[in-house]
Amino acid sequence: MSPTRALAHPATAEAASAPVLDRAHGSATWRALGTYVDVRTTPDALSPVAALVADVLDEVDHACSRFREDSDLTWVNRLEPAGTPVAVSPVLLAAVRVALEAADETGGLVDPTLGALLVAGGYDCTFTRLALDDQSPATLPAATVAAPVEPAAVDSTQRQGGWAAIVVTATTVSVPAGLWLDLGATGKAFAADLAAVAVEEAFGVPVVVGVGGDVRVAGSPHEWGGPAYDLVLGETLADLEPGGVQTRLTLRGGGLATSSTVARRWRRGGRQWHHLLDPRTGAPASGPWRTVTALGQTAAAANTASTAAVVLGDDALPWLDERGVAARLVDRSGSVARTPAWVASGVEHGRGIAS
C-alpha cells in the first residue's frame, strides 16, 4: 500500500491568476508557475487555447512545483527512506526525463538536484513571497544533513554527478539520499513546450507560449499571415514595459530561452544570491555573463544551452560555438556577444548585428 501523502507545512506556492484575454490581437497574459505567461494565437481560437494552456500549466504546477506541499515532486523529495521509488504522474516523469537529458548533454552543468542548496540559500518559497534581504544565516535544512552547515562547506564531490543516480521507470521516480530535485532550470521551458504542442494537437492553430522568458512556437506562422513571430527580449520584467531596454526578435519556430542572473536576486545572511547555481561549487554562478539567450529545437533545448552558458562563464562562447548553438550573451557591463549561429539566424532586428 502506498503511504498517505500528509505533509504539515505552510503553503509556499503562488496561486495562478485567471487569463486576461485581448481578443482583438489574439493574445492572453496571466501568472502561473510563479511567473508571467504570454500566449498568442489566432483571435478566433484565443479562448479555448488560453483555457487549454492554463490547464496544462496547472497540471505541471501540481506535479512539478517545489513550493506546493501536495505536488508529486515534494513527495519525492521528502519521502523517507530516501531512494524509495515513488509512483508519480506522467507529467513529472516527463519533466524529470527532460531535466536528466539536460544534465547528460551538459556534463552536469544543468543539474536538477540543487534543490537543497537553493533552500539553504533562502529560496524556500515562490519568488514573490521571498524576503529579498534576510539576515538569517544560509544553512542547509536539517532534513538534508545532520547539522546545519554553510552551503559552501557541502562536499561538492559527493553531490556532483548525483543526478546520474536518479532512477526513472515507466511509473516511478527515486532520488538518492542527500539530493532534492529542483526543476527550476528546465521546468518552465518544459511547460512551454508541453502547452504549445498540446494546443497544436488539439486545435491545429499556430501558437506562441511564453512562460517566464522560455518560449515555444508551434504551428506555421504563415497561418497567422506572416513569415515569423515578433518578440521583445529584455533582461527583467521592467525591460518589457514601454521605455525599457529591449531587443526585437523574430522567431519562425522552435524554442527560445533566456537565463539571467539579473532577475530573481536576493540577499541571505549578508550574501548576494541568485537562482542560477554552479553545480561545481554550490554557489551562485559568478562568471562574466549576466544574461544568455539561446535558440533551440524546443524551449527546453534552448534553456539547457542558456543555463549551461551562464554557469560556464569564460568557457561559454567556445562551448556554444562547438555545438552550433545560436546564442546572444550580455556581460556584466552590458556588452553583447553573439555566436556565429545567432548572427546567421537573422533572429535579431537591427543593423550591423555581428558576433
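**Helix 1, a small sheet and V175**

Helix 1 covers residues 46-64, and its 19 residues reach 26 Å from first C-alpha to last, close to the 27 Å expected at 1.5 Å a residue. Keep in mind that this is a predicted model. Besides the helix, there's an open sheet of three strands to look at, plus V175, a residue in the loop between strand 7 and helix 6.

**Helix 1**
- Quite a list of helix 1 residues is buried: L46, V49, A50, V53, V56, L57, V60, D61, A63 and C64.
- As background, residues three or four places apart on an α-helix point the same way, because there are 3.6 residues a turn.
- D61 is among the buried residues, and so is C64.

**The sheet**
- The strands run in the order 4-7-6, with antiparallel pairing.
- Strand 4 (86-87) and strand 6 (167-168) are the edge strands, each pairing on one side only.
- Two bridges link strand 4 to strand 7 in the antiparallel sense.
- Looking across from V86, you'll find V173 of strand 7 standing opposite.
- In general, strands of a sheet pair through backbone hydrogen bonds.

**V175 and its neighbours**
- V175 sits in the loop that runs between strand 7 (172-174) and helix 6 (187-203).
- V175 counts as buried because its relative accessibility is 5%, and the cut-off for buried is under 20%.
- Leaving aside residues up to four places away in sequence, V175 touches V76, A82, G83 and L181.
- T113 is 62 residues from V175 in sequence, yet their C-alphas are 8.9 Å apart in space.

Methods. Residues are numbered from 1 along each chain as its sequence is written. This is a predicted model: local features need pLDDT of at least 70, side-chain atom pairs count only at pLDDT 80 or more; totals for chains, interfaces and linings use all residues. Side-chain values use heavy atoms; hydrogens and water are left out. Helices (H or I, at least four residues) and strands (E, at least two) are DSSP runs, numbered from the N terminus. The expected span of a helix is 1.5 Å times one less than its number of residues. Buried means under 20% relative accessible area, exposed over 50%, partly exposed in between (1.4 Å probe, protein chains only). Contact means heavy atoms within 4.5 Å. Two strands pair if DSSP finds at least two bridges between them.
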